[in-house]
Amino acid sequence: TTKNLNYFLLSGSNDCTVKLTLFCHDNCGNNDNFSKKVPWVKQLTPHESSVKDVCASSHSKRPSNTDSANHTAAATALLVSCGGKLEMNFHRLITTNNNAPIVHYLGSS
């Protein structure tokens with residue numbers, strides 16, 4: 001079944017912002033309305049000029065030593081955005097079964 005599947009959307013805009021949005025397939029266990037389907041939005045490091053491109057690596061589970069006991073396998077992805085002045089920003093997305101997503105700024109080039 002597809003229950004409990006969540007999806008991330010990485011988007012860039014002409015207003016220099018980059019956002020990562022979580023979409024819940026099953027309304028995150030809440031009533032059926034749009035605000036419950038989109039429970040989490042994170043604004044990432046903005047660019048000096050418009051965002052030209054965004055991309056993300058695959059987002060797969062990485063088992064830890066305690067996964068079998070508490071089912072908290074982490075999934076990670078590399079998020080990259082590129083601005084009009086060709087500056088690239090790098091972030092790391094980390095998710096687990098139990099917690100809200102975490103985004104770390106890694107740097108720029």
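**Figure 1. Close-up of C16 in the loop between β1 (6–12) and β2 (18–24)**. In this predicted model, C16 counts as buried, at 18% relative accessibility, where buried means under 20% relative accessible area, exposed over 50% and partly exposed in between (1.4 Å probe, protein chains only). Although C16 is not a glycine, its phi is positive, at about 80 degrees. Most residues other than glycine have a negative phi. The strands that flank this loop, β1 and β2, are DSSP runs (E, at least two residues; helices are H or I, at least four), numbered from the N terminus.

**Figure 2. Close-up of L86 in the loop between β6 (74–83) and β7 (88–95)**. L86 is likewise not a glycine and has a positive phi, of about 65 degrees, and this residue is exposed, with a relative accessible area of 66%.

**Figure 3. Close-up of C55 and C82**. The closest cysteine sulfur to that of C55 lies in C82, at 9.0 Å, which is too far for a bond. C55 counts as partly exposed, at 44% relative accessibility, whereas C82 is buried, with a relative accessible area of 16%. A search of the whole structure finds zero disulfides, a disulfide being a pair of cysteine sulfur atoms within 2.5 Å.

**Notes to the figures.** Residues are numbered from 1 along each chain as its sequence is written, and side-chain values use heavy atoms, with hydrogens and water left out. Since the model is predicted, local features need pLDDT of at least 70 and side-chain atom pairs count only at pLDDT 80 or more, while totals for chains, interfaces and linings use all residues.
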